[in-house]
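Me: I should like to go through this structure by question and answer. Please take the sheets before the ligand.

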Amino acid sequence: MKELADLATSASHEAAPPPRDVRLRIYARMVEMRDFEKRAHDLFLQGLVKGTSHLGLGQEAIAAGFGAAMAPGDYTFATYRGHNHTLARGVAMAAVMAELMGRAGGLMAGKGGSMHLTTVGKRMMGSYAIVGAHLTIANGAAWSAKLRGTKDVVVCFFGDGATNIGAFHEALNLAAVWSLPVVFCCENNRYMEYTPISHVTAVEHPAADRAAAYGLSPVLVDGNDADATYAVAVAAIARARAGEGPSLVEAETYRHGGHSRADPGKYRPEEELQAWLSRDPIPRYRQRLVESGVDASTLEEIELSSARAVDEATQEAMASPPPDLFVVERDVWADGGSSWRR
Amino acid sequence: MTYRDAVAHAIAQEMARDPSVVFIGEDVGAAGGVFKATVGLLDRFGPTRVVDTPISEQAIIGAAMGAAMTGLRPIAEIMFSDFFAVCWDIVANEIAKARYMTNGQLALPLVIRSANGGGARFGAQHSQSVENWAMAIPGLKVVAPSTARDVAGLLAAAVRDPDPVLFFEQKSLYPSRGEVPDGEVVDELGRAAVVRRGSDATVVALAAMVPRALEAASLLCADGVEVTVVDLRSLVPLDVTTVAASVAETGHLVTVEENPRLCGWGAELASIIAEEHLFDLDGPIVRVTTPHVPLPAADALEDAAMPSVERIVEGVRRSLA
Ligand SMILES: Cc1ncc(C[n+]2csc(CCOP(=O)(O)OP(=O)(O)O)c2C)c(N)n1
Ligand SMILES: [Mg+2]
């Protein structure tokens, strides 16, 4: 915790705070993410969200900070813990909720599920559930953006556990060698599924300590401080957009709940959990906004409207029918079908 | 033109036609490929579009995927098809499933070329025929040409295809020669070719097994047995129509497969013919395959393992007996 306290003072106050409107947007987004995921969890416990779901409760400051720093043309690649990154791109809550519930109105009509949220129209290029693989795919989008002469940047989020898989190394090296406009953001929430990352990793900071291996500077940020994640995102994205190559950011954070489903996360020491709960990014940010002169009614309005939006999204998702079964054999190939023979 | 030169010919044709076509792989640019199948492309199209990569199969295929979903039409090379195992996650979980999982939002027009199969005495890790791995994955197309002409036409078609295509070049065929017509050559994926006609049996073969099947057909012909040889050319789409029509005429089906026996492509074909055309058959379906072994290195052993002309002749006779 000591080094995190240091980080909080260094990273967030180095850069000038974001303008008031950006801060309010970030706050609103974090509140929506929190409300949305709490509702998703309730619905999971009620058996309405099926299969699995991986919540980013407690990690919102990363998705919201980066989301606010990205331009509409920038691309997002996320993991199965991707609800917040999807909402960060302005994807409709109801469609995400319906996808979690396996309904026809879902983002992918029920064919993807919680772990594969994708909205190409908003440049949310997918949520990937094989640890580490999407770092290589993010490179491809960045390479393409560069070749096509656009100024679009790719931001790729992944967990601490992904830093120990081969694809991480292959992707970081290639991104550096090709000087790709990609920002890799490791959300270090200290755990893989159940095992602490520190038990299985040779260095203390699983991403930042490896940056040097790719000729990159280590960037470590307090992932529970939305001003700090925003500042780091702005800098890394600007660097990528200017053609100066990739960045590897490690954002230190903690998930409030378990890894997935109904995991209570009991493998984590109580003091550790309490310490991190006291660093909850949302009340922390709220307090900072109040201290900076934002009046309480503005914040309350944000909170009320988020609660309303989640209620409406839930109702809309519940009203959506189950998927038509014919979609099972649709869209395997570009002809729209699944026929492999003639 | 050689089979090898037809590779560079087709890539050049497509790169010249469409600026979104790019080509990446290990040693493919400056060196022209370890099989010299891509000589001249770097000089002609430059280092932005023809790119030598690190030895990072996952990064190569991932880059192709990310590029394909954002407006490019990449061609990636996996030097030896055995190395698909190193990046199979990206091929089988990421590329193959992307369109489906996203309900059609992601399109991946990309080609992965690879040197496949035995005959070069390279041993078990550089010789396997893995086209049946690819065939087992929904969402991929699988092509394997037998002639220089088909390399040209099918590779061009693969590049233009809106789906991800795994393109298997049989490495022992690289020096083989054949006519490639002048001008643009583009075929359609999923059309088998009847390369010899005979009324006694239908022999279906792929890639390097096609010339062997043709040789077997000549030997059988000298004995008065007339066989049809079908070059399947692609496994997905699978041209069942052409095979079934031939079996309806001959009443006998023999597959010649370089892949190891279990779950080889001929097993699928045999099951379809048995299920849908049983009463066209006048004898057992015979599969001539590499036995279910990794390929050995020594020339005598490798030759003994891969389907030989003699084994094909014997297979046809068994079907006719
Ligand atoms: C290649 C691979 N191995 C294992 C898994 C199973 N798995 C899913 S999530 C996970 C933990 C990943 O931890 P981390 O990268 O820290 O991400 P987090 O879940 O903490 O966000 C594991 C082991 C997987 N999906 N893919
Ligand atoms: Mg983790």
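Me: Which residue is the bridge partner of Ala115(B) in strand 6 of chain B?
Reply: This is a predicted model. Strand 4 (residues 111–116) of chain B pairs with strand 6 (residues 165–170) of chain B in the parallel sense, over 6 bridges. Within strand 6 of chain B, the partner of Ala115(B) is Glu169(B).

Me: Which strands of chain B stand at the edges of the 7-strand sheet, and why is one side of each left without a neighbour?
Reply: The sheet is open, with mixed pairing and the order 2-1-3-4-6-5-10 in chain B. Each edge strand has a single partner strand, so one of its sides has no neighbour in the sheet. The edge strands of chain B are strand 2 (50–52) and strand 10 (234–236).

Me: What does the twist average from one strand to the next in the sheet with the order 7-9-8-11-12 in chain B?
Reply: These 5 strands of chain B form an open sheet with mixed pairing. Its edges are strand 7 (193–196) and strand 12 (286–290) of chain B, each of which pairs on one side only. From one strand to the next, the twist averages 25°.

Me: Which residue in strand 9 of chain B stands opposite Ala205(B)?
Reply: Strand 8 (residues 201–205) of chain B runs parallel to its partner, strand 9 (residues 227–231) of chain B, and the two are joined over 5 bridges. In strand 9 of chain B, the residue opposite Ala205(B) is Asp231(B).

Me: How many residues of the shell around ligand 1 are charged?
Reply: Ligand 1 is surrounded by 15 residues, and Tyr80(A), Arg81(A), Gly161(A), Asn189(A) and Glu193(A) are the closest. By class, the shell comprises 8 nonpolar and 4 polar residues, and the number of charged residues is 3.

Me: What share of the accessible area of ligand 1 does the protein cover?
Reply: Polar side-chain atoms approach the ligand at two places: one of Arg81(A) lies 2.7 Å from an oxygen atom of ligand 1, and one of Glu193(A) lies 2.9 Å from a nitrogen atom. A polar backbone atom of Ala162(A) is 3.1 Å from an oxygen atom of ligand 1. Of the 580 Å² that ligand 1 has on its own, the share covered by the protein is 74%.

Me: What ipTM does the predictor give the complex?
Reply: Chain B averages a pLDDT of 98, and 100% of its residues score at least 70. For the complex, the predictor gives a pTM of 0.97 and an ipTM of 0.97.

Terms used:
Residues are numbered from 1 along each chain as its sequence is written. Chains are lettered from A and ligands numbered from 1 in the order in which they are written. This is a predicted model: local features need pLDDT of at least 70, side-chain atom pairs count only at pLDDT 80 or more; totals for chains, interfaces and linings use all residues. Side-chain values use heavy atoms; hydrogens and water are left out. pLDDT is the predictor's confidence in each residue, from 0 to 100. A residue is near a molecule or strand if one of its heavy atoms lies within 4 Å of it. A polar contact is a pair of N or O atoms within 3.5 Å; within protein, one must be able to donate a hydrogen and the other to accept it, and residues adjacent in sequence count only if both atoms are side-chain atoms. Accessible areas come from the Shrake-Rupley method with a 1.4 Å probe; for residues, only the protein chains shown count as cover. Ala, Val, Leu, Ile, Met, Phe, Trp, Tyr, Cys and Pro count as nonpolar, Asp, Glu, Lys and Arg as charged, and the others, Gly among them, as polar. Two strands pair if DSSP finds at least two bridges between them. Helices (H or I, at least four residues) and strands (E, at least two) are DSSP runs, numbered from the N terminus. Axes are lines fitted to C-alpha atoms, for helices over the stretch in contact, and angles run from 0 to 180 degrees between N-to-C directions.
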